[in-house]
Amino acid sequence: MRFARSILSASAVAALSLGTMTALAAPASAAPDTTPQKVCGSGYKTVNSASVGSLGTVYLTYNSANGQNCVATIRNNPGTAVNMSAWIFVPDTEESHYDEGLFTSYAGPTYVHGKGHCVDWGGSIANTYVQVYGSNCGSLKEHRVTFTR
């Protein structure tokens, strides 16, 4: 719940400062062949994903060489910049990273050290949001939430 409150707080601050964020957020390059590995970097392999309705997919990737997780939200059809986000949180260490802004093809990458820990992650495209809690924890069952505002 601690993270949910911080995401809501961050979203509220982001909404209040949208004008500033829009000016600072440069649109990502629009490449139809954008992949999570291109966004996160070499050595990252997709370990989980969640669809953002019909708009795109949020990918959780992992690099076994450095123990880092990366999240990227990628649109199915790049085009005019829309509000997008990608986030990741490690409950055990309370480490998190969040990226939000107006993007043409993807949000992220967001990185945390996740080796040996469960992770919560998600993202959004336009007004559709996906949240995955307790992910990649071995035998524990993750919990997924998708909603539209």
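How many Å² does the protein expose, and what share of it do carbon and sulfur atoms supply? The protein exposes about 7,600 Å². Carbon and sulfur atoms supply 56% of that area. Accessible areas come from the Shrake-Rupley method with a 1.4 Å probe; for residues, only the protein chains shown count as cover.

This is a predicted model, in which local features need pLDDT of at least 70, side-chain atom pairs count only at pLDDT 80 or more, and totals for chains, interfaces and linings use all residues. Residues are numbered from 1 along each chain as its sequence is written, and side-chain values use heavy atoms, with hydrogens and water left out.

**Exercise 1. Set out the overall layout of the protein.**

Step 1. List the elements. The protein has 3 helices and 9 strands. Helices (H or I, at least four residues) and strands (E, at least two) are DSSP runs, numbered from the N terminus.

Step 2. Read along the sequence. The pattern is α-α-α-β-β-β-β-β-β-β-β-β.

Step 3. Check burial. Of the 149 residues, 40% count as buried. Buried means under 20% relative accessible area, exposed over 50%, and partly exposed in between (1.4 Å probe, protein chains only).

Step 4. Check contact range. Take the contacts with a separation of 6 or more: residues 24 or more positions apart account for 49% of them. A contact means heavy atoms within 4.5 Å.

**Exercise 2. Find the disulfide and state which parts it ties together.**

Step 1. Count. The structure holds 1 disulfide, a pair of cysteine sulfur atoms within 2.5 Å.

Step 2. Identify the partners. They are C40 and C70, with sulfur atoms 2.0 Å apart.

Step 3. Get the handedness. The angle about the S-S bond is -80°, and the link of C40 and C70 is left-handed.

Step 4. Place the ends. C40 lies in helix α3 (residues 36–40) and C70 in strand β3 (residues 68–75), so the pair ties together parts that are 30 residues apart in sequence.

Step 5. Look at accessibility. C40 counts as buried because its relative accessibility is 5%. C70 is buried too, at 0%.

**Exercise 3. Trace the sheet that contains β3.**

Step 1. Order the strands. An open sheet of 4 strands runs β1-β2-β3-β6, with antiparallel pairing. Two strands pair if DSSP finds at least two bridges between them.

Step 2. Find the edges. They are β1 and β6, each pairing on one side only.

Step 3. Get the angle. Neighbouring strands of this sheet are turned by 15° against each other on average, direction ignored. Axes are lines fitted to C-alpha atoms, for helices over the stretch in contact, and angles run from 0 to 180 degrees between N-to-C directions.

Step 4. Take β2 and β3. They pair in the antiparallel sense over 8 bridges. T61 stands opposite C70 in β3, and V58 opposite T73. The two strands form a hairpin with 4 residues between them. In that turn, G67 has a positive phi of about 70°.

Step 5. Take β3 and β6. Their antiparallel pairing spans 6 bridges. Q68 has H113 in β6 as its bridge partner.

Step 6. Assess β3. Of its 8 residues, 7 are buried, so β3 is largely enclosed by the rest of the structure.

**Exercise 4. Describe the nonpolar cores.**

Step 1. Fix the term. A nonpolar core is a set of buried Ala, Val, Leu, Ile, Met, Phe, Trp, Tyr and Cys residues joined through side-chain atoms within 4.5 Å.

Step 2. Take the largest. This core has 17 residues, and those with the most contacts inside it are L60, V71, I88, V119 and W121.

Step 3. Assign the strands. β1 (45–52), β2 (56–63), β4, β6, β7 and β8 each supply at least two residues of this core. β4 gives the most, with 4 residues.

Step 4. Find the other core. Another core, of 7 residues, lies apart from it, and C40, Y44, C70 and Y106 are among its members.

**Exercise 5. Flag the backbone exceptions.**

Step 1. Recall the background. Most residues other than glycine have a negative phi, and most peptide bonds are trans.

Step 2. Check omega. The peptide bond from G108 to P109 is cis, with omega near 5°. P109 sits in strand β6 (residues 106–113).

Step 3. Check phi. E94, not a glycine, has a positive phi of about 60°. E94 lies in the loop between β4 (82–90) and β5 (95–103). Its relative accessible area is 43%, so E94 is partly exposed.

Step 4. Repeat for A126. Phi of A126 is positive, near 55°. A126 is in the loop between β7 (119–125) and β8 (128–135). At 35% relative accessible area, A126 is partly exposed.
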